[in-house]
2 protein chains.
Amino acid sequence: MAINNIKNLILSAAGKEFLVRGYSGARMQAIADKAGINKALLHYHFSSKEKLYNAVLRDQFASFIESLIELFLREEDLEPWLRRLIARLLREFSARPQFSRFIIWELNSQGKELPRIFAEVLAQSEEGTFLKRIESRLRQYGLQSYPPQQFLMNILSLCIYPGMARPLLEQVMGKEVFSDPNFVGQREEEIFRLIKYGIFLRPGGEK
Amino acid sequence: MAINNIKNLILSAAGKEFLVRGYSGARMQAIADKAGINKALLHYHFSSKEKLYNAVLRDQFASFIESLIELFLREEDLEPWLRRLIARLLREFSARPQFSRFIIWELNSQGKELPRIFAEVLAQSEEGTFLKRIESRLRQYGLQSYPPQQFLMNILSLCIYPGMARPLLEQVMGKEVFSDPNFVGQREEEIFRLIKYGIFLRPGGEK
DNA sequence: GAAAGAATTGACCATATAGTTAAAAATGAG
DNA sequence: CTCATTTTTAACTATATGGTCAATTCTTTC
């Protein structure tokens, strides 16, 4: 761990800068300052801004996506699985408030590295794993005709959007909502109920 | 309308550039090119990049937010109101795919103009209008103890997130999902059912 | 402890980009 | 038409920023 200490230091500093400001808004000088080093040293360890950026992407995403995949694929009964899924998504994303915003921004920005990293990591599990595994789990519980795509979109939307849109929602709903220490817990319960009654116990299971 | 034709031309070109690239990624030269004019003319009509940016923000947001407010406050029975709300949100946002992504990004970027514009427009309706009106509508239907904040977060999340996260979701679920011409219609039905059975008909209306 | 290599630095350079200026072209009033 | 005002342009400037380089310090190996 002490080996490559400086590279990790740089990656961490660069991560903060890139996540907050995006590629074009990030400044090499600011990264050097955050890391407490000289700008030339940045180019010594990572030869260009783009290379450094790509290294940051790998550093930030690989472990993150893998943990998400593991989470989705875990074998568990439907209710505890759903609860765990919601809790983990909410907590992971509220612990890294800039993260989802950054992914959304950069994935829309014609950069080729982020899509490649995604594809790479996803390819490590079998093709179509997410949807197929969700589908089979839904089938176990008699929801064979419910489209897993909708399930995935619902879960991700409900868990990720509010944290990402926090400044907007604070303006519309007041700052108190988010500063409530029990916010995440309440949200967790709300999403769980919404999915449970809105999908699993929805009358007429057919599409 | 023919008056200030050039200013509108510039605002439109600048809108495209800023929405796609963000403030720091946008280039004055690119805006000039898109508008088919000289860069100096940009500074003749809008003295600086920041001023132009602020003008674009006003141009893009004012009318948009007003229409959303009108939509939320409309007097209508619960079911048709909900259906209209969902349909309009989905359609507005999928017609402007870069829009929500841009709002989220810029509202997190310490810029002061976008929050100000929001506050300004929101202040035109009475204080707390959104939540109070949702609350009173829910009350009419016996849902007095259901928190309107959760309702608002659910609706916005479900309608806005998938369009914004499209590149990400396409990687996870395959491109077909979004290219299906009936995608928006299916999503509309799904969200409607989720809210209807997950909130309105949820057993035990208490929080 | 000396030689060799790696890490680090301050002072540079090249270029991209926001912004300026002075002159030309277009427009409009009398 | 003509003069004054507005609009438009090409060429230019200043600066911020990514990147380089030669010299210096630190580390490792024998």
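User: Why is the pair between A:His43 and DNA strand D called a polar contact?
Analyst: In this predicted model, a polar side-chain atom of A:His43 is 3.3 Å away from a phosphate oxygen of DNA strand D. The cut-off for a pair of N or O atoms is 3.5 Å, and 3.3 Å falls within it, so the pair counts as a polar contact.

User: Which other residues pass that test against a phosphate oxygen of DNA strand D?
Analyst: A:Arg27 has a polar side-chain atom 2.7 Å from such an oxygen. For B:Asn38, an N or O atom of the side chain is 3.2 Å from a phosphate oxygen of the strand. Both distances are within 3.5 Å, so both pairs are polar contacts. As for elements, helix H3 (39-45) of chain A and helix H3 (39-45) of chain B are those that give two or more residues to the surface near DNA strand D. The largest share, four residues, is that of H3(B).

User: What makes a residue part of the surroundings of DNA strand D, and how many are there?
Analyst: One heavy atom within 4 Å of the strand is enough. There are 14 such residues, and A:Arg27, A:Lys39, A:Lys49, B:Ala40 and B:Tyr44 are the closest. By class, seven are nonpolar, four polar and three charged. B:Tyr44 belongs with the nonpolar ones because Tyr is counted in that class.

User: How do you know which parts of DNA strand D face the protein?
Analyst: Take the atoms of DNA strand D within 4 Å of the protein: 54% are sugar or phosphate atoms, and the rest are base atoms.

User: What does DNA strand C have around it?
Analyst: There are 15 residues around DNA strand C, with A:Ala40, A:Tyr44, B:Arg27, B:Lys39 and B:Lys49 nearest. The largest share of this surface, four residues, comes from H3(A).

User: Why is B:Met28 listed with a polar contact to DNA strand C, when Met counts as nonpolar?
Analyst: The class goes by residue name, but a polar contact is judged on N or O atoms, and in B:Met28 the atom concerned is a backbone N or O, 3.0 Å from a phosphate oxygen of DNA strand C; that is within 3.5 Å, so the pair qualifies. Two side chains also reach phosphate oxygens of this strand: A:Asn38 at 3.0 Å and B:Arg27 at 2.8 Å.

User: Why is the pair of B:Arg202 and A:Glu190 called a salt bridge?
Analyst: The N to O distance between their side chains is 3.3 Å, and the cut-off for a side-chain nitrogen of Arg and a carboxyl oxygen of Glu is 4 Å, so the name applies. Between chain A and chain B the count is two salt bridges, along with 22 residue pairs in polar contact. Among the elements that supply at least two residues to the side of chain A that touches chain B are helix H1 (5-25) and helix H9 (148-164). H9(A) gives the most, twelve residues. That side of chain A has 34 nonpolar, 14 polar and eight charged residues.

User: What area is buried between chain A and chain B?
Analyst: About 5,200 Å², 66% of it from carbon and sulfur atoms. Each of the two chains puts 56 residues into the contact.

User: Within chain A, how many residues of domain 1 and domain 2 are in contact?
Analyst: Six residues of domain 1 meet six of domain 2. The two domains bury about 500 Å² between them. There are zero salt bridges and two residue pairs in polar contact. The touching side of domain 1 has four nonpolar, two polar and no charged residues.

Definitions and conventions: Residues are numbered from 1 along each chain as its sequence is written. Chains are lettered from A and ligands numbered from 1 in the order in which they are written. This is a predicted model: local features need pLDDT of at least 70, side-chain atom pairs count only at pLDDT 80 or more; totals for chains, interfaces and linings use all residues. Side-chain values use heavy atoms; hydrogens and water are left out. Contact means heavy atoms within 4.5 Å. Buried area is the accessible area (1.4 Å probe) that two parts lose on being put together, summed over both. A polar contact is a pair of N or O atoms within 3.5 Å; within protein, one must be able to donate a hydrogen and the other to accept it, and residues adjacent in sequence count only if both atoms are side-chain atoms.
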